[in-house]
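Open the model in your viewer and keep the selection panel at hand. The tour goes from one selection to the next.

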Amino acid sequence: MDFFIFISEQWLLVSVLLVLIYIFALTERSRAGKPVSPRELTSLLNSDAAVLLDIRDQKEFKNGHIVGAIHIPFAKLKDSLAQLAPHKEKIIVVACKMGQQAGAAGRLLRQQDYEVRRLAGGMMEWRNQNLPVVKGKD
């Protein structure tokens, strides 16, 4: 009950706090790379403007991944950045299971001066749209 009294009496401070939290969330999201839809990803890959980095674990990757994806599990990404060096001039699109780990990977790649995007919704969204995947290959 005291909580609601505080909010009603300090509505301006609470409003400022909410705005600051929102701005912080937007800033963090942009640091991880702009999200791209599966349709935009397809266009980028077909025009050879981007490469796809799949950061899911080995089992998930073998159960289905996008054709041409470079597979580096998130846990090994920091030590395996040399694999991405030949693609420095292209956009790196990061894909994970549901789009959550891609943010941390995107921030790491941006620190290394890569141009980064994130697959919005991750592989779950890709599959929900019935887009093709390749199974069983590394």
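**Stops along the chain**

Select Val16 and show its helix: Val16 sits in helix H2, which spans residues 11–31. Bear in mind that this is a predicted model.

Is Val16 buried, exposed or partly exposed? Its relative accessible area is 43%, so Val16 counts as partly exposed. Buried would need a value under 20%, and exposed one over 50%.

Now widen the selection. Add Trp11, Leu12, Val19, Leu20, Tyr22, Ile23 and Leu26 to Val16. Together these residues form a nonpolar patch on the surface. Turn on the surface display here: the patch has about 840 Å² of accessible area.

Next, go to Phe3 and Phe4. How many aromatic pairs does a search of the whole structure find? It finds 1. Phe3 and Phe4 make that pair, with an edge-to-face arrangement. Their ring centres are 5.6 Å apart, and the planes meet at 70°. An angle over 60 degrees is what counts as edge-to-face. Check the surroundings too: Phe3 and Phe4 are both exposed.

Jump to Phe61, in helix H4, residues 58–62. Buried or exposed? Phe61 is buried, because its relative accessibility is 0%. Then pick Leu119 and draw a C-alpha to C-alpha distance from Phe61: it reads 15 Å. In sequence, Phe61 and Leu119 are 58 residues apart.

Last stop: select Lys88 and Tyr114. Lys88 lies over the face of the Tyr114 ring. The distance to the ring centre is 4.2 Å.

Technical notes
Residues are numbered from 1 along each chain as its sequence is written. This is a predicted model: local features need pLDDT of at least 70, side-chain atom pairs count only at pLDDT 80 or more; totals for chains, interfaces and linings use all residues. Side-chain values use heavy atoms; hydrogens and water are left out. Rings of Phe, Tyr and Trp (its six-membered ring) pair if their centres lie within 6.5 Å; planes under 30 degrees apart count as stacked, over 60 as edge-to-face and the rest as tilted. Buried means under 20% relative accessible area, exposed over 50%, partly exposed in between (1.4 Å probe, protein chains only). A charge sits over a ring if NZ of Lys or CZ of Arg is within 6 Å of the ring centre and within 35 degrees of the ring normal. Patches are made of residues with over 30% relative accessible area and no salt bridge: like charges are joined within 9 Å, nonpolar side chains (Val, Leu, Ile, Met, Phe, Trp, Tyr) within 5 Å. Accessible areas come from the Shrake-Rupley method with a 1.4 Å probe; for residues, only the protein chains shown count as cover. A salt bridge is a side-chain nitrogen of Lys or Arg within 4 Å of a carboxyl oxygen of Asp or Glu. Helices (H or I, at least four residues) and strands (E, at least two) are DSSP runs, numbered from the N terminus.
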